[in-house]
Structure formats: structure tokens, C-alpha cells
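Subject: the helical model, with notes

Hi,

Here is the structure I promised to send over. Have a look at it first, and then read my notes underneath.

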Amino acid sequence: MATSSGDRPTPDEARETLRRLHQDAEAVRYPPIPAWFFAAQAAAVAGLHLVRLLPGSGGGRYAQLISVLAIALAAGGLGQRYWLNRDGVAWASARPRDMLPFLALLLGSFAACWAITETTGARWVWILGAAFSAAVVLVTGARYRQQYGDGR
């Protein structure tokens with residue numbers, strides 16, 4: 001970075017410029033998000049678990065599929081509108097290392113519930129999985145809002 005006089009910036013000026021660039025990148029990558037967003041996403045994740053409690057035979061499979069698609073589309077639409085493609089930003093993205101623990105917990109919950117249900121027939125574990133996954137989203141949301149702002 002050169003100044004208008006052709007001089008190089010001082011190390012302090014360079015550090016400050018890099019710090020501001022990092023802050024700007026973080027503001028785009030991780031925007032402030034309101035609490036209701038995380039509550040809605042927690043309800044959606046819980047709903048994806050609870051759909052498994054719908055009757056599974058005959059038209060029940062169709063009802064499960066339609067329910068999963070409706071919940072996933074609603075959650076995806078909220079995520080797209082309030083995080084990925086909000087006003088003034090086109091397709092922000094999170095760092096994979098930031099998302100992997102979160103996704104591992106959610107997918108682990110689905111996998112554990114599925115395995116327990118298939119081996120024992122205990123369908124009630126989907127209720128526990130729903131509560132666990134919703135709690136993961138809410139705790140993640142609280143930590144996110146503490147670090148990046150609440151988006152009000």
C-alpha cells in the first residue's frame with residue numbers, strides 16, 4: 001500500500017489497515033443476527049426430528065417427506081435472507097472450521113436417534129434428539145450474538 005506521496009506506510013499504519021480489513025471481512029462473514037432467527041432455526045431443527053414421529057406407513061411417508069421439505073425450505077429461506085444474502089451483502093460464507101462442530105452435533109443427533117430407533121424401536125428418542133438439537137442451535141445463537149451482535 002503506497003501513500004499519495006509515494007512513501008510506504010509505517011508498520012503501525014500497516015497493522016491498523018490490516019486490522020480494519022479483517023474487521024470488515026468479519027462483518028460481512030458474520031453479520032449481527034437477531035435472537036428470533038436462532039429461535040426459528042431451533043424450532044426448524046427440532047421439527048426435522050419430530051417429523052420422524054409421524055406415522056410411517058402408507059400416506060405417512062408422504063406426509064413425512066412433505067413436512068421435511070417444507071421445514072427445510074423455510075429454514076433455508078430464512079438463512080438465505082438473514083445471513084447469506086442480506087441487504088448490502090451477496091452470499092456471505094462462514095469458515096468451514098467454524099461450522100463443523102455445529103454440524104457434527106446436529107448430524108450426530110440425527111444419526112444417534114436413527115440408530116437407536118432402528119435397533120430398539122424406541123421412537124421416543126426423536127423427542128430427546130429434537131430437544132438436544134434445538135438447544136445446540138440456541139446455545140450457538142447466544143454465543144454468536146454475544147460475539148458478533150444481535151442484529152436489532
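Let me start with a residue that sits between the two extremes: Ala 70 counts as partly exposed, because its relative accessibility is 45% and that class lies between the under 20% of buried and the over 50% of exposed. Ala 70 belongs to helix H3, which covers residues 59–84. Its C-alpha atom is 9.7 Å from that of Ala 44, although the two residues are 26 apart along the chain. Do keep in mind that this is a predicted model.

Now the overall picture. The protein chain has 5 helices and 0 strands, so to speak a plain α-α-α-α-α run from the N terminus on. Of its 152 residues, 27% are buried. Among contacts with a separation of 6 or more, 70% are between residues 24 or more positions apart.

What makes up the largest nonpolar core? It has 9 residues: Ala 42, Val 45, Ala 46, Phe 102, Leu 106, Ala 130, Ala 134, Val 136 and Val 137. Helices H2 (35–50), H4 (96–120) and H5 (125–148) each put in at least two of them, and H5 gives the most, with 4 residues. If you want one residue to click on, try Ala 134: leaving aside residues up to four places away in sequence, it touches Ala 42 and Ala 46. Another core, of 7 residues, lies apart from this one, and includes Tyr 30, Trp 83, Ala 94 and Tyr 144.

H2 also holds Gln 41. Is that residue buried or exposed? Gln 41 is buried, because its relative accessible area is 13% and the cut-off is under 20%. Beyond residues up to four places away in sequence, Gln 41 touches Ala 75, Leu 78, Gly 79 and Val 137.

Then there is the pairing of H4 with H5. Their axes come within 9 Å and cross at roughly 175 degrees. The two helices are therefore roughly antiparallel to each other, since anything over 145 degrees counts as such. On the H4 side the contact involves Phe 102, Leu 105, Leu 106, Ser 109, Phe 110, Cys 113, Trp 114, Ile 116 and Thr 117. On the H5 side it is made by Val 125, Trp 126, Gly 129, Phe 132, Ser 133, Val 136, Val 137 and Thr 140. Sorted by type, the residues of this contact are 12 nonpolar, 5 polar and no charged.

A few words on each partner. The 25 residues of H4 should span 36 Å at 1.5 Å a residue, and the end C-alpha atoms are 35 Å apart, which agrees. Its buried residues are Phe 102, Leu 106, Ser 109, Cys 113 and Thr 117, and H2 and H5 are among what covers them. Look at the spacing in that list with this in mind: an α-helix has 3.6 residues a turn, so residues three or four places apart point the same way. After H4 comes Gly 121, with a positive phi near 80 degrees.

H5 has 24 residues and reaches 34 Å from its first C-alpha to its last, close to the expected 34 Å. Its buried residues include Val 125, Trp 126, Gly 129, Ala 130, Gly 141 and Tyr 144. Gly 149 follows H5, and its phi is positive too, near 105 degrees.

Shout if anything is unclear.

Cheers

Methods: Residues are numbered from 1 along each chain as its sequence is written. This is a predicted model: local features need pLDDT of at least 70, side-chain atom pairs count only at pLDDT 80 or more; totals for chains, interfaces and linings use all residues. Side-chain values use heavy atoms; hydrogens and water are left out. A nonpolar core is a set of buried Ala, Val, Leu, Ile, Met, Phe, Trp, Tyr and Cys residues joined through side-chain atoms within 4.5 Å. Buried means under 20% relative accessible area, exposed over 50%, partly exposed in between (1.4 Å probe, protein chains only). Contact means heavy atoms within 4.5 Å. The expected span of a helix is 1.5 Å times one less than its number of residues. Axes are lines fitted to C-alpha atoms, for helices over the stretch in contact, and angles run from 0 to 180 degrees between N-to-C directions. Angles under 35 degrees count as roughly parallel, over 145 as roughly antiparallel, 65 to 115 as roughly perpendicular and the rest as oblique. Ala, Val, Leu, Ile, Met, Phe, Trp, Tyr, Cys and Pro count as nonpolar, Asp, Glu, Lys and Arg as charged, and the others, Gly among them, as polar.
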